[in-house]
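The following exercises introduce a structure step by step. Please study the sequence and the model before reading each solution.

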Amino acid sequence: MIQPFIEFKNVYKRFGNLEVLKGVNLSIDKGTVTVVIGKSGSGKSVLLKHIVGLVQEDEGDVLIQGKSLNRLSSKQARQFKKNMSYMFQDNALFDFLTAFENIALPLTETTRMTVAQIRKKVHDRMARLSIQGIDHKYPSELSGGMRKRVALARALVTDPELILFDEPTTGLDPIRKNDVHHLIREFQKQFGFTAVIVSHDIPDIFDLAQQIALLDEGKIVFKGTRQEIMACEHDTACAFIRGREMLYDRSKT
Amino acid sequence: MITRLIETIGSPFSSYIESTGRLTRFFLAGIRQIAVLPFQWNKTLDQIGFIGAKSLFVILLTGLFTGMVLGLQGYYSLVDFGSEAALGAAVALSLIRELGPVLTAIMITARAGSAMTAEIGVMRMSEQIDALVTMQINPVRFIFSPRILAALISFPLLTAFFDVVGIFGGFLSGSLLMGINETVYMDKVIQSVKLMDIWGGFIKSFVFALVVATICCYRGFFAHMNNQGQTGAKGVSLATTSAVVQSCIWILIFDYAITYFLV
């Protein structure tokens with residue numbers, strides 16, 4: 001049996017009195033795209049933040065290639081995080097840096113690449129995402145869609161092995177949204193990275209996914225392929241993707 | 001009942017200890033990162049521009065009027081004793097030993113310190129600090145170290161400007177307005193000020209730079225962790241207010257402590 005790249009084992013997380021994750025179990029294989037869906041506020045972003053170490057589980061374990069994330073040596077943890085990117089829901093672009101500087105930041109701060117090499121790589125990513133000519137613009141001067149693509153370019157510029165996307169297409173028009181999906185698919189095919197995508201773009205996002213997981217009331221209640229979820233054999237998943245609140249609630253009783 | 005009482009009394013105390021420990025670790029990490037290669041020249045120069053150059057006008061203005069007020073008040077106090085000739089010494093020593101470093105630090109806190117807290121607080125609330133962590137960039141090094149180094153360079157320089165302009169302000173009101181002999185005023189300034197006075201003022205400036213930069217950056221960095229559980233704009237506003245108030249209080253406390261050891 002192939003060892004999963006990332007594995008959530010009975011993970012619990014509580015913020016004050018609010019229990020967000022109540023025993024999450026999820027395996028993510030290397031080189032695959034996993035899409036996590038669920039109601040707003042169901043803890044999808046919290047789930048992603050466990051992988052990157054921004055949030056620590058209260059109980060359970062997050063395993064990276066079979067090793068607990070908490071028990072990795074600092075060198076192993078650094079190596080793992082070096083090969084990972086995170087695209088934040090609200091982009092988390094630096095207001096005081098230009099678009100170019102934002103995209104180049106992980107390279108300028110953590111590598112020994114020359115200025116010319118960095119410029120070439122950043123311009124390559126900008127060209128692929130159709131955001132040329134905005135090098136000197138600050139995030140506040142860009143549209144929402146542009147900012148999203150700058151954040152995506154920053155996530156892709158380090159050629160990571162794992163990319164965590166937290167609602168990568170929120171605020172984009174349908175054309176740009178499909179562009180981003182297309183780009184993620186293309187980049188994923190080209191570089192073979194593992195992707196975990198939190199998204200509400202149902203059903204379009206399913207085209208990218210090898211695995212779809214539904215997080216509901218703190219647990220993964222459905223795991224399956226696009227075909228399985230679209231076949232509507234699982235009541236909760238079926239009700240959720242069809243956006244029927246009453247049916248969705250009834251499916252759980 | 002007793003357990004609850006102990007909890008009620010102990011909870012703020014333990015939270016204060018925890019917060020002090022976090023502040024100390026933050027400060028030490030920031031200081032250590034200043035020496036870690038590669039040096040962050042560009043970021044530090046940007047911050048010197050922001051803390052130092054952009055505060056210059058307000059410091060000059062405050063220094064001038066402080067000196068002018070000292071000149072007037074000093075003249076009316078000294079003239080009763082027939083000692084108005086000592087005005088130059090009174091103005092210069094008051095400024096160099098006390099008012100220069102303290103008022104400069106308070107003015108920088110108001111202008112640049114509050115802005116630092118607000119900027120870093122917004123970075124915290126909009127997940128920019130989390131983004132640094134995910135990119136394997138040390139946020140304390142990236143955010144705090146250039147600011148503390150810039151403060152250490154800017155505070156003494158601005159204090160020097162404040163002192164010089166303040167002495168000139170005293171000259172304007174004392175000599176030009178109230179008629180004290182100009183040569184006497186300047187002679188008294190030169191005779192009275194010793195190198196130790198200037199050093200004492202600079203020592204205060206360095207300490208105030210550490211205090212203001214650390215408190216303002218720390219409050220912004222942990223803007224999401226306040227007693228009232230406020231996040232977003234409210235959290236940033238609380239952090240900014242508390243940074244300014246705490247900086248001013250600690251400036252005055254350290255001023256007393258340093259003066260006690262220097263005199």
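A residue is counted as buried if 20 or more other C-beta atoms lie within 10 Å of its own. The model used here is predicted.

**Exercise 1.** State what share of the residues in chain B is buried, and describe the secondary structure of chain B.

*Solution.* Begin with burial: of the 263 residues in chain B, 43% are buried. Next, take the secondary structure, which consists of nine helices and zero strands. Along the sequence, chain B therefore reads α-α-α-α-α-α-α-α-α. Finally, the C-alpha atoms of chain B fill a box of roughly 65 × 55 × 30 Å along the principal axes.

**Exercise 2.** Describe the side of chain A that touches chain B.

*Solution.* First, count the residues: 14 of chain A are in contact with 10 of chain B. Second, identify the elements of chain A that give two or more residues to this side, namely α2 (74-82) and α3 (99-110). The most comes from α3(A), with four residues. Third, sort this side of chain A by class: eight residues are nonpolar, one is polar and five are charged.

**Exercise 3.** Determine how the two domains of chain A meet.

*Solution.* Start from the domain assignment, which gives domain 1 (1-83 + 162-253) and domain 2 (93-159) of chain A. Their C-alpha centres lie 26 Å apart. The contact takes 10 residues from domain 1 and nine residues from domain 2. On the domain 1 side, helix α6 (residues 174-191) of chain A gives the most, with five residues. By class, that side has seven nonpolar, one polar and two charged residues.

Key
Residues are numbered from 1 along each chain as its sequence is written. Chains are lettered from A and ligands numbered from 1 in the order in which they are written. This is a predicted model: local features need pLDDT of at least 70, side-chain atom pairs count only at pLDDT 80 or more; totals for chains, interfaces and linings use all residues. Two residues are in contact if their C-beta atoms, placed from the backbone, lie within 7 Å. Ala, Val, Leu, Ile, Met, Phe, Trp, Tyr, Cys and Pro count as nonpolar, Asp, Glu, Lys and Arg as charged, and the others, Gly among them, as polar. Domain bounds come from an automatic or database domain assignment. A residue is buried if 20 or more other C-beta atoms lie within 10 Å of its own, exposed if 12 or fewer, and partly exposed in between; C-beta atoms are placed from the backbone.
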